[in-house]
Amino acid sequence: MTHIIFKNVLATVTVFGVLGYAGGASAHEQYGALGKAASATDYYQVTCSDDGNGPGDHLFVQIKDLAPVAKPMVSILVVNGLQAKNATDAVDGNATGSPGLNIKGTTQTYAVLVSKTAAGAENYFFDYHCLTANGSHTGTDIYPFQNQ
Ligand SMILES: [Ca+2]
């Protein structure tokens with residue numbers, strides 16, 4: 001069982017890697033770990049900029065709960081200005097991530113927080129992409145603020 005799950009995680013990582021390469025853009029993929037405390041929260045800032053494709057209009061994110069398969073469910077929360085959106089990966093250790101989130105920005109700076117529902121260490125992966133109004137990829141940078 002563990003072997004099968006591990007293979008699924010590897011397959012997923014491979015698919016993301018191929019897509020990132022085919023897109024020709026630098027990888028906008030973040031791996032992280034949350035510690036045992038139920039309150040553990042990782043906090044990133046993502047900034048969008050015009051890299052020649054146009055100014056950022058919205059941020060796309062999607063999170064995946066990676067092995068170990070454990071009780072906590074992992075969620076991602078994105079805040080921009082006065083709005084916030086949240087998504088949770090409902091099934092740990094499978095090939096499917098959370099629903100994708102699109103957050104329209106009133107500024108070019110997004111707070112991205114990863115948390116979980118219970119005590120127990122967890123690993124996760126999320127991808128994040130600044131997109132223009134017509135959906136083109138544009139300048140995207142990430143800064144880790146807090147790693148718990
Ligand atoms: Ca999953």
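**Close-up views of the predicted model**

**View A. His58 stands opposite Leu131 in strand E8.** The model shown here and in the other views is predicted. Strands E3 and E8 pair in the antiparallel sense, and their pairing extends over 9 bridges. Strands of a sheet pair through backbone hydrogen bonds, which may run in either the parallel or the antiparallel manner. The pair E3 and E8 lies within an open sheet of 4 strands, whose order is E1-E8-E3-E6 and whose pairing is antiparallel. Because strand E1 and strand E6 (101-104) stand at the edges and have a single partner strand each, one side of each is left without a neighbour in this sheet. From one strand of this sheet to the next, the twist averages 25°.

**View B. The second open sheet has 5 strands in the order E5-E4-E7-E2-E9.** Its pairing is antiparallel. Strand E5 (83-88) and strand E9 (139-146) occupy the edges, where each has a single partner strand, so one side of each remains without a neighbour in the sheet. On average, neighbouring strands here are turned by 20° against each other when direction is ignored.

**View C. Strand E4 (residues 74-80) is joined to E5 by 6 bridges, and the two run antiparallel.** Two cross-strand positions can be followed in this view: Leu77 stands opposite Asn86 in E5, and Asn80 stands opposite Gln83 in E5. The hairpin of E4 and E5 has 2 residues between the strands, and within this hairpin Gly81 takes a positive phi near 60°. As background to that angle, most residues other than glycine have a negative phi. Gln83, which belongs to strand E5, counts as exposed because 11 C-beta neighbours lie inside 10 Å, and a residue counts as exposed when 12 or fewer are found there. Although Gln83 and Gly105 are 22 residues apart along the chain, their C-alpha atoms are separated by 8.7 Å.

**View D. The largest nonpolar core holds 22 residues, of which Leu59, Val61, Val112 and Phe126 touch the most other members.** Elements giving two or more residues to this core are E2, strand E3 (58-66), E4, strand E7 (109-116) and strand E8 (122-131). Strand E8 provides the largest share of the core, with 6 residues. In soluble globular proteins, nonpolar side chains tend to be buried together. When its neighbours within four places in sequence are left aside, Phe126 is in contact with Gln30, Val61, Gln62, Ile63, Ile76 and Val114.

**View E. Ala38 lies in the loop between strand E1 (29-34) and strand E2 (42-49).** This residue is partly exposed, because 13 other C-beta atoms are found within 10 Å, a count that falls between the limit of 12 or fewer for an exposed residue and that of 20 or more for a buried one. Not counting residues up to four places away in sequence, Ala38 touches Ala118 and Ala119. Ala38 and Lys116 are 78 residues apart in sequence, yet from C-alpha to C-alpha they are 6.8 Å apart in space.

**View F. The peptide bond from Ala67 to Pro68 is cis, with omega near 10°.** Pro68 itself has its place in the loop between E3 and E4. For orientation, most peptide bonds are trans.

**View G. The whole chain, shown for context, contains 1 helix and 9 strands.** Along the sequence, these elements follow the pattern α-β-β-β-β-β-β-β-β-β. The chain has 148 residues, and 26% of them count as buried. Among the contacts in the chain with a separation of 6 or more, 75% are accounted for by residues that are 24 or more positions apart. The mean pLDDT of the chain is 87, with 82% of its residues reaching 70 or more. Over residues 1-25, however, the pLDDT is below 50, and this stretch has 17 contacts in the model beyond near neighbours in sequence.

Conventions
Residues numbered from 1 in each chain as written. Predicted model: local features only at pLDDT ≥ 70, side-chain atom pairs only at ≥ 80, totals over all residues. Contact = placed C-beta atoms within 7 Å. Pairing = 2+ DSSP bridges. Axes fitted to C-alpha atoms, helices over the stretch in contact; angles between N-to-C directions. Core = buried A, V, L, I, M, F, W, Y, C linked by C-beta atoms within 7 Å. pLDDT = per-residue confidence, 0-100.
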